[in-house]
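Colleague: Before we look at anything in detail, could you take me through how you would read a model of this kind, one feature at a time?

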Amino acid sequence: MPSLEKYRKKRDFGRTQEPRGTRARAKKVARPAPGLGFVVQKHDARNLHYDFRLELDGALLSWAVPKGPSLDPAVKRLAMEVEPHPLEYADFEGTIPKGEYGGGTVMVWDRGTWKPEGDPRQALAKGHLAFSLFGRRLRGAWHLVRTKRAPEGERAGHEGKGWLLFKSRDAEARQGDTLLDEETTSALTGRSLGQIQRGEPGVTQP
Ligand code: MN
């Protein structure tokens, strides 16, 4: 199982409501369907970004995507590899206190299952993972490709950690980049970022 040590070191679990990640609790994670889970979290931290997480070997492999995913195959988005997160994180929606690591509001923007093409461990080691997503908002075939250097002007100095996330051309692809503007509420509770931040109750999404 990917190590959660780095994840835990960055956080004070007496202050944040984020999950610590233990085997016993991971077993209770609600699964939308059998298979490997994925989640995209909209994270209104110092810089608004989207966290893209794929379940593998009992943890969530994670990338921070500054501009978020696009359904347009022509749009390739920088995805910075970050430390694996516990499985329970896939259901985390709430506010991380200011001053704590990642301080800000977290929304579950999409949730579902994913399926790798071939052996995902080998693919990740090689730096090209092809996969399908079965979410509410993200569906069809996708790619994560490791870059030698982070794209100019985005986040220099992260060699080896930079990947590109992009959509394959298939029936789920769309021309134009409107998805993030159209879909601004939680896939779990229907809440906006503001409603989550204020702790307003949500409505479980069908
Ligand atoms: Mn984040």
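Modeller: Let us begin with the metal site, bearing in mind that this is a predicted model. The manganese ion is coordinated by His43 through ND1, by His49 through NE2 and by Asp51 through OD, at 2.1 to 2.3 Å.

Colleague: How are the donor residues of the manganese ion spaced in sequence?

Modeller: The donor residues follow the spacing H-x5-H-x1-D. As for their surroundings, His43 and Asp51 are both buried.

Colleague: What should I keep in mind about geometry when I read such a site?

Modeller: The ideal angles at a metal are 109.5 degrees for four tetrahedral donors, whereas six octahedral donors call for 90 or 180 degrees. Because water is not among the atoms, a site may look incomplete, and I would keep that in mind when reading the three donors His43, His49 and Asp51.

Colleague: Turning to the strands, why can E4 be described as largely enclosed by the rest of the structure?

Modeller: A residue counts as buried when its relative accessible area is under 20%. In strand E4, residues 77–86, 8 of the 10 residues are buried, so the strand is largely enclosed by the rest of the structure.

Colleague: Which strands pair with E4, and in what sense?

Modeller: Strand E3, residues 59–65, pairs with E4 in the antiparallel sense over 5 bridges, and within that pairing Leu60 has His85 of E4 as its bridge partner. Strand E9, residues 162–167, also pairs with E4 in the antiparallel sense, over 4 bridges, and here Ala79 has Trp163 of E9 as its bridge partner.

Colleague: How many aromatic pairs does the structure hold, and how do you read one?

Modeller: The structure holds 9 aromatic pairs. For Tyr50 and Trp109 the ring centres are 5.8 Å apart and the planes stand at 80°, so the pair is edge-to-face. This pair links distant parts of the chain, since Tyr50 belongs to strand E2 (residues 48–56) and Trp109 to strand E6 (residues 104–116), 59 residues apart. Tyr50 counts as buried at 5% relative accessibility, and Trp109 counts as buried at 0%.

Trp114 and Phe131 form another edge-to-face pair, with 6.0 Å from centre to centre and 85° between the planes. Trp114 lies in strand E6 and Phe131 in strand E7 (residues 128–134), so the pair ties together parts that are 17 residues apart in sequence.

Colleague: Which residues do ring pairs link into a cluster?

Modeller: The cluster links Phe38, Phe52, Trp63, Trp114, Phe131 and Trp163.

Technical notes
Residues are numbered from 1 along each chain as its sequence is written. This is a predicted model: local features need pLDDT of at least 70, side-chain atom pairs count only at pLDDT 80 or more; totals for chains, interfaces and linings use all residues. Side-chain values use heavy atoms; hydrogens and water are left out. Buried means under 20% relative accessible area, exposed over 50%, partly exposed in between (1.4 Å probe, protein chains only). Helices (H or I, at least four residues) and strands (E, at least two) are DSSP runs, numbered from the N terminus. Two strands pair if DSSP finds at least two bridges between them. Donors are N, O and S atoms within 2.8 Å of the metal (3.2 Å for Na, K and Ca); water is not among the atoms, so sites may look incomplete. Rings of Phe, Tyr and Trp (its six-membered ring) pair if their centres lie within 6.5 Å; planes under 30 degrees apart count as stacked, over 60 as edge-to-face and the rest as tilted.
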